Every structure is written in structure tokens, then in C-alpha cells.
Amino acid sequence: MRTAAERRVWRNWAGTATAAPARWCRPRSEAEIVTAVKDAAASGLTVRALGSGHSFTAAAATTGVALDLSGWTGITAADTRTGLVTARSGTSLRALNAELSGLGLAMANLGDIDKQTLAGALSTGTHGTGARLGGLATQAEELELVLADGSTATCSASSRPDLFAAARIGLGALGVVTSVTLRCVPAFTLLADERPLPVEEVLERFDALAEGNDHFEFYWFPYGRNALVKQNNRVSADAGAAGSAGSVPPPLPAWRRFWEFEVMENAGFGALCRLGRARPRLIPALNRFSSSVLSARTYTETSHRVFVTPRRVRFTESEYAVPRESLGHVIAELRRAVPRLPHPVMFPVEVRVAAADDIWLSTAHGRESAYVAIHQYAGLPYQDYFDRFESIVAEVAGRPHWGKMHSLDAARLGALYPRFGDFLRVRAETDPEGRFGNAYLTRVFGSISPLALLAPLGRQDTDYLLPAAYARPPGRTGPGGRS
Ligand SMILES: Cc1cc2nc3c(=O)[nH]c(=O)nc-3n(C[C@H](O)[C@H](O)[C@H](O)COP(=O)(O)OP(=O)(O)OC[C@H]3O[C@@H](n4cnc5c(N)ncnc54)[C@H](O)[C@@H]3O)c2cc1C
């Protein structure tokens, strides 16, 4: 039986971050969010908006006021002609997908799961895959926020564009996002093609696969020879339907979805992971076994039912965006590194792609990107693996996912983002007292400095803000661990 104090502890999904907020608040209206922010200020407390806790980093952790937005959900406006849909920030992607589907709409791209809240997913730069598509934040057309002084602000490309450029991927540092207007697309069907291929072949054909598919990704078990390649492409809505003239396959029957997604990919894989955790020396063999039993499947399905699959086996993850052309180098280095690690790796590596975008803190800012995500089963050691990975991606100016494990600080991050100084300036303008701060933000953005206000609009280098640190060459960061 937990004590009342223990019940008040906040934990993330992966169990990699905990916090004991001084106060919990569950607002049900914008006015209540405003009141929560003003009350926090009156008590000298910080405020963090909580999503669903699916960040591996302590991005949402707070010792101040934890703003639980699970009572602040739902679509408030939808124009099926333009595809513009406004939703409250605490809406889960799962609920959003279902509501959009009912309107004949969909999000153009999604990540692997739908447990996140809309604002939580946007705030850390959550992405799916697709060489011609950006992450979820690129689908946002307008945001509404409650700022540190309790005022409300609406921002878009034409209204307060700097706030918009910063807050679309803002880690909750600029205010509480209360609603998001998304540009959705007409609901679409995907033809999913998943098959094992030798990893060498995938790397040789990487650019063609990335360019030749709407959504391309691959999973590679680091001790195995095969990668599971997923190629998902848009087809007409009635393709695959019973009686349709096309030659595309039908949706998977319910029993097969259950067998493959729940039994094989979760229960079965979870059992292998538990065996590996109990007998770590078996892990490379288990990993090769997982790689050898990969099988092909093709089916058509509503887009979000292809993008999203259940993830019930808990793990720890780090993910970096690298310039797309350096993917081959990163994978080659990882292949060399993994067999030399002191602790074997149970989980596969996931590789995805994205188009360049212009959001200031987007991991794909200004460059076509490949995302390399490494994972380790919960409870197995991961530090050496993640450290080695981080030094490999540092060679190619990799940018860490804001919601996944990394050890970079403001100095290192500032050198990776041309508009970092502009972000710090907007933060200093909107939240000069750090009302929305926490330890993670202090690490990744540094302390709020009035100097940031001097950053001239659009300046491309920000060296003068943190001169000594910015001058450091890419490489390992110092102590402080990873979160
Ligand atoms: C199993 C699993 C699968 C995943 N798959 C993917 C994937 O495919 N692609 C990918 O890119 N990422 C993926 N992630 C990472 C995940 O999408 C991000 O970490 C995301 O931020 C989690 O959303 P959340 O709602 O849980 O937010 P939280 O983790 O709770 O919060 C994230 C940040 O958003 C801020 N925030 C939340 N709500 C608001 C608000 N209303 N206003 C201002 N700030 C706010 C928080 O303060 C915090 O800084 C995955 C994570 C897990 C655990």
C-alpha cells in the first residue's frame, strides 16, 4: 500500500525519471490554467504542463506545480474543407486519430505510438518517417498559450511568428500550450509492405528506399544480418476492400493483428527480453534469433492503424537526427561498436527519415535527416551503449530527440541549432523569471539570461551568448549523466 506522499510522485513511462511536485492541478478550462499559472507565481513555484509521461528524459518533471491536462481534451473546431482542426492540448493522439477519422480526416504523418498528448508530442519534436514529410510540429498552423504572466497568446506564421517558431517545439519552456490548430489531410489508406532484407542491401539502397516510399523505415537487430524494412505507401481508399478490382492485399483480419502485434511482437518478444535479462550471455543469440524469424507481411489499412502499433515491452531509448547522407557511416560505426560493448543489447535499432523544416528547435531544422534510435530492454545496462552511440553521432553533428535520453547541454546544443539564440531570446522575453523552468531545461537551455534579449532577430550564430562553451569542439560532454 502506497502512502499519500508516494501517490503524489510523478513517473515517466520508461521509469527513467521521477519527481515529487509540490502541488498537482487538473484544470478543465483555459481560465483554470490561467489561475494555476498565476497561483504558482504567487507561491513562488514553477509550473510544468504534463503530457502522458512518454518522454524518456525528465522534460516534464517538476518540483513545482504539475499541470495535469488529462481533463483538457477534445476537438473544438474542424473545417473538413480546409483540413484545419483545433484541439485542446491534452488530447491524446489516440483520441485525436479516432475523432479525425470520424470527420474523414487524418494527420499526414504519425510516430510509432498514440499514447502521447498532442502538446506533449509537439513540444519534444515527435516525428514519424517520410523523406517528404516533417515531424508532427510541422503540421501545426496555430498555437494558443498561457504565458508566464497569466496572459494568453495566439501565434501562427503570420501572428507573433517568433513565438510560433519557438513554441511549436518548445519543451514547455515558453508557456502552457492550451490548443493546437493542425492542418490535417483527407483520411487515407496505406499499403503496408514489411519484409526482412540483408542490412547491407538496405544500406546500399537507402536513398532509393527513402525517396521511393511515402514512409520508409527499418529495424535492425544489432547482432543479426537482416533488417525489417517497412515501406508504407498511400493507395486509393477502396484499395484492398472486399470486391475491389485492385490487386492490393486486404486489411489484416482481427485474429492476425492480435497474433502478430500482441502475441509475437509484444508477449513473445517480451519473453525473449526477460530471458535475456536473466541470462545476458544469451542476448546476442536471442537477438540473432529475433532477426532470423522476421517474416514478410503486406496489408492495407487506415493510415493511423499502420503507423501506430502497441509497445508493451518497456525499454530505454536514445535517438539522434543525423544528416541523411551520414546514415551509412553511423550504422557502420554502430555495427563495429556493439560487439565490443561490455553489456549486450537486446533491442533493435530503428532508422527513419524526415524532410528538412524551419522550426527553430526541430531536430530536422535545415537539413534532410535520418533518425537513428537505439534501445535497451528495461532493467538492462544501457549507459556504455548510449555513450558510444553519442560519440558516433557527435562526429556528424547529430541532434538528440528532446524527449529521449541524451547528455548534451546548452553549450553543445547551441552549436547544433542555428536559431538557438533566437529561441533563448523568445524564452527570456516570455518567461524572464523561469516560471516554466525545471532541471532538464536548465541543462539544455542554460539559465535564463537577460543577455539572450540582445540576440538580434534572425542572427545565425549565437556564439556570443555562451562564448567559452560554444567554442568547444563536438565530442563527449562532461559529467552530469544522461536523462
Ligand atoms: C513507447 C514510446 C514510443 C515512442 N515513439 C516515438 C516516435 O515514434 N517518434 C518520436 O519522435 N517520439 C516517440 N516517442 C517519444 C514521445 O513521442 C515524446 O517523448 C513525447 O514528448 C511524449 O509525449 P507526452 O504527451 O508523453 O509528453 P511528456 O513526455 O509528458 O512531456 C513532454 C514535454 O512536453 C511538455 N508539454 C506537455 N504538454 C504541454 C503543454 N500543454 N504545453 C506546453 N508544454 C507541454 C512537457 O512539459 C514536457 O516538456 C516515444 C516514446 C515512447 C515511450
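Which residues does Val-330 touch, not counting those up to four places away in sequence? The legends below start with the whole predicted model and come to that residue in a later view.

**View 1. The whole protein, a predicted model with 16 helices and 20 strands.** The radius of gyration is 22 Å, close to the 23 Å that the globule rule gives for 483 residues, so the protein is as compact as a globular protein of that length. Along its principal axes, the C-alpha trace spans about 60 × 55 × 50 Å. Buried residues account for 57% of the 483. If you look at contacts with a separation of 6 or more, 73% of them are between residues 24 or more positions apart.

**View 2. The surface and its charges, with about 19,500 Å² exposed.** Carbon and sulfur atoms supply 54% of that exposed area. As for charge, there are 53 positive and 47 negative side chains. The centres of these two sets lie 7 Å apart.

**View 3. The largest nonpolar core, a set of 119 residues.** Leu-143, Phe-218, Leu-334, Trp-402 and Phe-445 are the ones with the most contacts inside this core. Zoom in on Leu-334 and, leaving aside neighbours within four places in sequence, you'll find it in contact with Trp-220, Val-349, Val-372, Ile-374, Tyr-385, Phe-389 and Ile-392. Another core, of 15 residues, lies apart from the largest one. Its members include Ile-33, Leu-69, Trp-72 and Ala-148.

**View 4. Val-330 in helix H11, which covers residues 327-337.** Back to the opening question: Val-330 touches Val-322, Val-372, Ile-392, Val-393 and Val-396, once residues up to four places away in sequence are set aside. Is Val-330 buried or exposed? Its relative accessibility is 0%, so Val-330 counts as buried. For a sense of distance, pick Arg-168, which is 162 residues away from Val-330 along the chain. The C-alpha atoms of Val-330 and Arg-168 are separated by 29 Å.

**View 5. Glu-200 in helix H6, residues 199-204.** What does Glu-200 touch, not counting residues up to four places away in sequence? The answer is a pair of arginines, Arg-225 and Arg-335. Glu-200 has 41% relative accessibility, so this residue counts as partly exposed. Gly-403 sits 203 residues from Glu-200 along the chain, and the C-alpha atoms of the two are separated by 30 Å.

**View 6. Arg-160, a loop residue with a positive phi.** Most residues other than glycine have a negative phi. For Arg-160, phi is near 50 degrees. Where is Arg-160 placed? You'll find it in the loop between strand S10 (152-156) and helix H5 (161-167). Arg-160 counts as partly exposed because its relative accessibility is 43%.

**View 7. Leu-171, a loop residue with a positive phi.** Phi of Leu-171 is near 50 degrees, again a positive value in a residue other than glycine. Leu-171 belongs to the loop between H5 and strand S11 (176-183). Is Leu-171 buried or exposed? With a relative accessibility of 3%, Leu-171 counts as buried, because the cut-off for that label is under 20%.

Key: Residues are numbered from 1 along each chain as its sequence is written. This is a predicted model: local features need pLDDT of at least 70, side-chain atom pairs count only at pLDDT 80 or more; totals for chains, interfaces and linings use all residues. Side-chain values use heavy atoms; hydrogens and water are left out. Helices (H or I, at least four residues) and strands (E, at least two) are DSSP runs, numbered from the N terminus. The radius of gyration is taken over C-alpha atoms; the globule rule is 2.2 Å times the number of residues to the power 0.38. Buried means under 20% relative accessible area, exposed over 50%, partly exposed in between (1.4 Å probe, protein chains only). Contact means heavy atoms within 4.5 Å. Accessible areas come from the Shrake-Rupley method with a 1.4 Å probe; for residues, only the protein chains shown count as cover. Lys and Arg count as positive and Asp and Glu as negative; His and the chain ends are not counted. The place of a charge is taken as NZ of Lys, CZ of Arg, CG of Asp or CD of Glu. A nonpolar core is a set of buried Ala, Val, Leu, Ile, Met, Phe, Trp, Tyr and Cys residues joined through side-chain atoms within 4.5 Å.
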